[in-house]
Amino acid sequence: MARAHNFFAGPAVLPLPALERAQQELVDWAGTGTSIMETSHRSKEYEAVHNEAIALIREFLSLGENYHVLFLGGGASLQFAMVPMNLLAPDQTADYVHTGTWSKKAIAEAKLFGRVNVAFDGETVGLTRIPRQEELKLTPGARYVHITSNNTIKGTQWHAFPETAGVPLVADMSSDFLWRAFDPKPFGLIYVGAQKNLGPAGVTIVLIRDDILAQCKADNPTMLKYATHAKENSLFNTPPVFAIYMVRNVLAHMKEMGGMPAVEAHNRRKAGLIYETIDADPEFFRAPVDKASRSMMNIVFRLPSEELETKFVAEGKAQRMLGLKGHRSVGGIRISAYNSCPLESVEAVVGFMKAFAKANG
Ligand SMILES: *Cc1c(COP(=O)(O)O)cnc(C)c1O
């Protein structure tokens, strides 16, 4: 079997064992004589999968009982609106840190519900880095501070989260959730579209703290209230059962690999190999991102010309290296090396980068 080297930014590569498990269990799952897609979400077999996925997330983050783990629909994009819809009143201010394409969308939605203070406008530095603490113009007593932990398109990442003087952090962690362990306590809410780092498209993971949940507005539509889903363990309506099942398979595989410390070491090794290759040949590879803000998930760089970039993507594809093209809004090259991207794929692309530079430099 020939699996491609998959560097797509999302939907993205899944671990082969997680896919093979799904293949094996597809037509007769858990002895039910049905697939998981054909079984009631109220069955005890389904509930076991659902609760195992939640338990694994809790375990990886040592998550306190004061957090709820929810599985919702609508992607991270719905959370851009659902967060302020639930948390922000018209006379309240939320601080948003603008670091890329996705934070801009989050800001636009928040403005529909309340006051938005852009605590740092990344456009002033070309979106090439994460702000330093002293650059943040935070509002005393803000409702929350919103950040995008990893900027999937620009290739920047927060390596230390900001100090907010007790104001709860809200984070879009769609493209780096569980790339390593972190202290969840400063976070009031975290949302994650699963299709980058953790599973297939179709499910959004939300972590919400009790005190934040208690303060949510009560007059929203039932399906758009976090409280509805928290109260029913995300079984108020039919959840995306197959997507949740795949997330469970991915998380179970991560645990088998050694859990968070092993996942982090694996990710650092992979990104390190690619950045070393870039830095070793600055005549040919140009990394636009500030070194201290480099993403471990999405590695972006430029080649000497757009023609060479087109050629690089095409030759890579011919060697079964997929998804090397930068986002259409920024151009260049992007290698996404999420949790599930194997080391062999990174070794292959690094070899290709060196050979390509030699042949075209
Ligand atoms: C992909 C992405 C989104 C959008 O996710 P959808 O699930 O497509 O709505 C939002 N934020 C970040 C950081 C992303 O990478």
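**Around the ligand, into the cores and along the loops**

A polar side-chain atom of T152 sits 2.5 Å from an oxygen atom of the ligand. That distance, like everything else here, comes from a predicted model. K196 does something comparable, with a polar side-chain atom placed 2.6 Å from a ligand oxygen. A76 joins in through its backbone instead: a polar backbone atom of A76 and an oxygen atom of the ligand are 3.2 Å apart. Taken on its own, the ligand has 380 Å² of accessible area, and the protein covers 87% of it.

The shell around the ligand is made up of 13 residues, and S77, T152, D172, Q195 and K196 are the ones that come nearest. Sorted by character, the shell holds 8 polar residues, 3 nonpolar ones and 2 that are charged. Helix 3, which spans residues 75-87, supplies the largest share of this shell, namely 4 residues.

Next come the nonpolar cores. In soluble globular proteins, nonpolar side chains tend to be buried together. The largest nonpolar core in this model counts 54 residues, and the members that touch the most others are I57, F177, L178, I205, L207, L251 and M254. Helix 7 (residues 241-256) is the top contributor to this core, giving 10 residues. L207 offers a handy view of what goes on inside. Setting aside neighbours within four places in sequence, L207 makes contact with I57, L61, L63, H68, V69, F177, G188, L189 and I190. There is also a second core, separate from the one just described, with 33 residues that include F285, M297, F301 and V350.

H229 is worth a stop of its own. This histidine is found in helix 6, which runs over residues 226-231. Is H229 buried or exposed? With a relative accessible area of 4%, H229 falls under the 20% cut-off and therefore counts as buried. Its contacts, leaving out residues up to four places away in sequence, are L70, L72, M223, S234, F236 and N237. With M223 there is a polar contact as well: the side chain of H229 reaches the backbone oxygen of M223 at 2.9 Å. Along the chain, H229 and F71 are 158 residues apart, yet their C-alpha atoms are separated by 8.1 Å.

A few spots in the backbone also deserve a look. G10 and P11 are joined by a cis peptide bond, with omega at about -10°. P11 belongs to the loop between strand 1 (5-6) and helix 1 (16-25).

Two other loop residues show a positive phi without being glycine. For N233, phi is about 50°, and the residue lies in the loop that links helix 6 to helix 7. N233 has a relative accessibility of 26%, so it counts as partly exposed. For R320, phi is near 65°. R320 is located in the loop between helix 9 (306-318) and strand 12 (321-322). R320 has a relative accessibility of 41%, so this residue counts as partly exposed too.

Technical notes
Residues numbered from 1 in each chain as written. Predicted model: local features only at pLDDT ≥ 70, side-chain atom pairs only at ≥ 80, totals over all residues. Heavy atoms only, no water. Core = buried A, V, L, I, M, F, W, Y, C linked by side-chain atoms within 4.5 Å. Buried < 20%, exposed > 50% of the residue type's maximum accessible area, 1.4 Å probe, protein only. Contact = heavy atoms within 4.5 Å. Near = heavy atom within 4 Å. Polar contact = N/O pair within 3.5 Å; in protein donor to acceptor, adjacent residues only side chain to side chain. Areas by Shrake-Rupley, 256 points an atom, 1.4 Å probe, with all protein chains shown as cover. Nonpolar A, V, L, I, M, F, W, Y, C, P; charged D, E, K, R; others polar.
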